[in-house]
Amino acid sequence: MKSLIDQLEQEQALSRENWIRLLTNHANLDLSEYLFARARRVQNRYFGHDIYIRGLIEFTNYCKNNCYYCGIRRDHSNMHRYRLDKETILSCCSTGYALGFRTFVLQGGEDPYFTDECLTDLIRTIKGDYPDCAITLSIGERDRKSYQLLFDAGADRYLLRHETFDSEHYASLHPAELSAANRQQCLLDLKAIGFQTGSGFMVGSPGQSLENIADDLLFLKRLNPHMVGIGPFIPHQDTPFRDYPAGPVPLTLFLLGLVRLMLPTVLLPATTALGTMDPNGREKGILAGANVVMPNLSPLSVRKDYALYDNKICTGEEAAEGLLNLKKRIQKIGYQIVIARGDAPETSSLEPK
């Protein structure tokens, strides 16, 4: 198995059969440590020991969709819905900028209230106030014209996890009006427009097989995104998947290592879901190859309402207020948080550090 990891590091690709072989052995601790050491070597080659921070602003928990796994799904009536107004969002940016954030991530459900006109005005205002900062959007599926308008207004990046490549598996997680094909087309549109584009998937989602994950990895290789978000599935008590087990942390970490070797210069977050499942999840994610963390800049009054899954960490060191403690924790494992936009590098022009 170690020879497959060596091959992946050298060639940045494996066959579907070999992906499955590696994934089947993910619980082998010796193999995992071997993988993580190789992933850190690649991570350090291109990024040194720098960790980028993103200021997460969860600006609406309304959503028109009814995805079976999601805590803010349309039919979830047992929750408090909110939308942040422009003034509040700008206040979050002001707080974040003072703390050293140079990327703001505007994340929300697919909320029809936030029209193209509303969003472009917001983006232009943030860009005008903070011209040295990047804006990342994570607001789901829209048509290509909408994406173009958002890009032209000044948005730099777009996160849209493909969730699962397999169309049947996708259909088992989403209502009939949503499809894997459309999700993937959105990602292709985003890249074609010029966004730094992020994709990714849940680990351990209901019905997921190792073959599904192998197909996800093959898709990511073809897409060649600038960012990849991978986190464990965590059930929410008010969804159809409430009784399903959470996704395994060891497999999530193993996949972070594999993605680092497959896409050496990708921006790879140690996700909030990973930190929710394991109190040291962020540190473990970084040591597996991740190089991004996303503390929360949302107002304290609404953080508990943006609950995609149960027991989401929403106060403390994962939030902006705990940035100093987060810095110390990351320093303990030999890394440092840097004040930078942290753009995705162009592989052809990036010089190893």
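Which residue follows helix 9, and what sign does its phi have? Let's find out on a short walk through this predicted model.

**Stop 1: the end of helix 9.** Select Asn224. Asn224 comes right after helix 9, and its phi is positive, near 50 degrees.

**Stop 2: helix 9 itself.** Now select residues 210–223. Helix 9 is 14 residues long and spans 20 Å from its first C-alpha to its last, close to the 20 Å expected at 1.5 Å a residue. Colour in some of its buried residues, including Ile213, Asp216, Leu217 and Phe219. What do the buried residues of helix 9 pack against? Show helix 2, helix 7, helix 8, strand 6, strand 7 and helix 10, and you have the partners on screen.

**Stop 3: the loop before helix 9.** Click on Gln208, which sits in the loop between strand 6 and helix 9. Is Gln208 buried or exposed? Gln208 has a relative accessible area of 17%, so it counts as buried, the cut-off being under 20%. Leaving aside neighbours within four places in sequence, its contacts include His169, Phe201, Ile213 and Asp216.

**Stop 4: a sheet.** Head over to strands 8, 1 and 9, which form an open sheet in the order 8-1-9 with parallel pairing. Strand 8 (292–293) and strand 9 (336–338) are the edges: each has a single partner strand, so one side of each lacks a neighbour in the sheet. Zoom in on strand 1 (residues 50–53), joined to strand 8 by 2 bridges. Here Tyr52 stands opposite Val292 in strand 8.

**Stop 5: the helix across the sheet.** Finish by selecting helix 14 (residues 323–332), which lies across strands 1, 8 and 9 and runs at about 130 degrees to strand 9.

How values were computed. Residues numbered from 1 in each chain as written. Predicted model: local features only at pLDDT ≥ 70, side-chain atom pairs only at ≥ 80, totals over all residues. Heavy atoms only, no water. Pairing = 2+ DSSP bridges. Helix = DSSP H or I, 4+ residues; strand = E, 2+ residues; numbered from the N terminus. Contact = heavy atoms within 4.5 Å. Axes fitted to C-alpha atoms, helices over the stretch in contact; angles between N-to-C directions. Buried < 20%, exposed > 50% of the residue type's maximum accessible area, 1.4 Å probe, protein only. Expected span 1.5 Å × (residues − 1).
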